[in-house]
Amino acid sequence: MNRTAMGTAAVILAFSLASCSGSEPTRPPEDGGTYESIDDLREAVESAGLLCQELVLDTPPSKFSATSASCSEFTYLAIYTDDVYLSAQLDFWRPVGQRAINVGKNWTVVSEDPKLIQKNLGGSVLHTGP
């Protein structure tokens, strides 16, 4: 193999390796970001690996949320219009019991797998109860 062919092969190999390193998964926003709608939040939750086959909207929504819904007995999603309502909801939940709630900038997810949600959506986990 001549020098030109070896050089070309080295360049191709370098580009191939560089393109593989770019396929790293992106990290979710640390603060959990925001969602425009309950359907967007549902899609994100499902992308994280939590099933939400039947989204049942609360009519009217919960006291503090703009939109809220359940996916099952143990999975509950909500979107809030501002920090005041989100904070009021969290204050309401704090004394309720030993549940974990994922909290983003304008959303909450109550589920049985808060680590999965946090890993994929970001935000923080609030543990309620004593």
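**Sheet and helices in a predicted model**

Visitor: Over how many bridges do E4 and E6 pair?

Guide: This is a predicted model. In it, strand E4 covers residues 100-103. Its pairing with E6 is antiparallel, and asparagine 102 stands opposite valine 125 in E6. The number of bridges between E4 and E6 is four.

Visitor: In which order do the six strands form the open sheet?

Guide: The pairing in this sheet is antiparallel. E4 pairs with E6 and also with E5, while E5 pairs in turn with E3. The full order is E1-E2-E3-E5-E4-E6.

Visitor: Which strands stand at the edges of the sheet?

Guide: An edge strand here has a single partner strand, so one side of it is left without a neighbour in the sheet. Two strands fit that description: E1 (56-57) and E6 (124-127).

Visitor: What is the bridge partner of asparagine 102 in E5?

Guide: E4 and E5 form a hairpin with three residues between them. They pair in the antiparallel sense over three bridges. From the other neighbour of E5, leucine 77 stands opposite valine 109, in a pairing of E3 and E5 that has four bridges. The partner of asparagine 102 in E5 is likewise valine 109.

Visitor: Are the residues on the two faces of E5 buried or exposed?

Guide: Buried is taken as under 20% relative accessible area. On one side of E5 are Trp107 and Val109, and on the other are Thr108 and Val110. Both faces are covered, and these four residues are all buried.

Visitor: At about what angle does H2 run to E3?

Guide: Helix H2 takes in residues 38-48. It lies across E1, E2, E3 and E5. Its angle to E3 is about 135 degrees.

Visitor: What angle does the direction of H3 make with that of E5?

Guide: Helix H3, residues 83-93, packs on the sheet. The strands it touches are E3, E4, E5 and E6. With the direction of E5, that of H3 makes an angle of about 25 degrees.

Visitor: How are H2 and H4 oriented, roughly parallel or roughly perpendicular?

Guide: The axes of H2 and H4 (residues 114-121) come within 9 Å and cross at roughly 105 degrees. Angles of 65 to 115 degrees count as roughly perpendicular. H2 is therefore, relative to H4, roughly perpendicular.

Visitor: How many residues of the contact of H2 with H4 are nonpolar?

Guide: H2 contributes Leu41, Ala44, Val45 and Ala48, and H4 contributes Leu116, Ile117, Asn120 and Leu121. No residue of this contact is charged and one is polar. The nonpolar count is seven.

Definitions and conventions
Residues are numbered from 1 along each chain as its sequence is written. This is a predicted model: local features need pLDDT of at least 70, side-chain atom pairs count only at pLDDT 80 or more; totals for chains, interfaces and linings use all residues. Side-chain values use heavy atoms; hydrogens and water are left out. Two strands pair if DSSP finds at least two bridges between them. Contact means heavy atoms within 4.5 Å. Axes are lines fitted to C-alpha atoms, for helices over the stretch in contact, and angles run from 0 to 180 degrees between N-to-C directions. Buried means under 20% relative accessible area, exposed over 50%, partly exposed in between (1.4 Å probe, protein chains only). Angles under 35 degrees count as roughly parallel, over 145 as roughly antiparallel, 65 to 115 as roughly perpendicular and the rest as oblique. Ala, Val, Leu, Ile, Met, Phe, Trp, Tyr, Cys and Pro count as nonpolar, Asp, Glu, Lys and Arg as charged, and the others, Gly among them, as polar.
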